[in-house]
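Student: Could you take me on a close look at one part of this model, the nonpolar interior and what surrounds it? I would enjoy one connected walk through it.

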Amino acid sequence: MIDPKAFLKFLKGRRSIRSFQNKAIPEKELDMILDAGRWTPSASNRQPWEFIVIKNKEMIEKLSKTLFYGKFIKEVPMAIAIVAKIKNSPKWYLIDTSLVSMNMMLMAWSLGIGTCWIGAMNRGKAKEIIGLGENDHLLTILPFGYIKGEIPEPTPRKPLDKIVKYM
Ligand SMILES: Cc1cc2nc3c(=O)[nH]c(=O)nc-3n(C[C@H](O)[C@H](O)[C@H](O)COP(=O)(O)O)c2cc1C
């Protein structure tokens, strides 16, 4: 088991990273990120997902053009498209794959690798570039890379007394 205080500190220390070094991610680290995704819980254990590892620079460049606030993905050596298989779990695919993204982001952070959840994109165009089908929902494209420059300051969080109710 992980020391709980160290774990909370780790969770609080994670940041969205939008500036990356031009340095490849070793296969061993990539495998750990993918494995963390694989071990995500899912409704009825349906695992309605597919992970597409994109290292092709040209494809990353093309995808960057479909993003509204994610042009920075151009800099990364690798991105993972998290794809939900809609028919495999019509009710829960969004939740299951969202959890995958968190597992992957935290695994990456533990390896000193930065990422950022990318939500705002032209999904139709991005799906076309990746070659996804009708049954596929492109949840996000997570860029992965070693952090360039300083780790950003934390973004503010609402205080617990504003978001927690006790009954
Ligand atoms: C569902 C979702 C969509 C997001 N979409 C984008 C995005 O399109 N571009 C981007 O730069 N950041 C995006 N983010 C990152 C958030 O801006 C970021 O997580 C938030 O500001 C908190 O900062 P932190 O991750 O450093 O704690 C998204 C995050 C989530 C969870």
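Tutor: Happily! In this predicted model, the largest nonpolar core has 22 residues, and those touching the most other members are L63, I73, A81, M121, I130, L138 and I141. At least two residues of this core come from each of α3 (57-64), β2 (78-85), α5 (123-130) and β4 (136-146). The biggest contribution is that of β2, with 3 residues.

Let us stay with A81 for a moment. Beyond its neighbours within four places in sequence, A81 contacts E50, F51, I52, I54, I130, L138, T140 and I141. I52 is also the bridge partner of A81 in β2. Between β1 and β2 there are 6 bridges, and the two strands run antiparallel.

Now for the sheet itself. It is open, with 4 strands in the order β1-β2-β4-β3 and antiparallel pairing. β1 (49-54) and β3 (113-114) are the edge strands, each pairing on one side only. Two helices lie across these strands: α3 spans β1, β2 and β4 at about 110° to β1, while α2 spans β1, β2, β3 and β4 at about 165° to β1.

Finally, follow α2 to its helix partner. α2 (residues 27-38) packs with α4 (residues 93-110) at an angle of about 145°, the axes being 8 Å apart, and the crossing is right-handed. From α2, M32, I33, L34, A36 and G37 meet V100, N103, M104, M107 and A108 of α4. Sorted by class, this contact holds 8 nonpolar residues, 2 polar ones and no charged ones.

Methods: Residues numbered from 1 in each chain as written. Predicted model: local features only at pLDDT ≥ 70, side-chain atom pairs only at ≥ 80, totals over all residues. Heavy atoms only, no water. Axes fitted to C-alpha atoms, helices over the stretch in contact; angles between N-to-C directions. Left-handed = near helix turned anticlockwise from the far one by under 90°. Contact = heavy atoms within 4.5 Å. Nonpolar A, V, L, I, M, F, W, Y, C, P; charged D, E, K, R; others polar. Core = buried A, V, L, I, M, F, W, Y, C linked by side-chain atoms within 4.5 Å. Buried < 20%, exposed > 50% of the residue type's maximum accessible area, 1.4 Å probe, protein only. Pairing = 2+ DSSP bridges.
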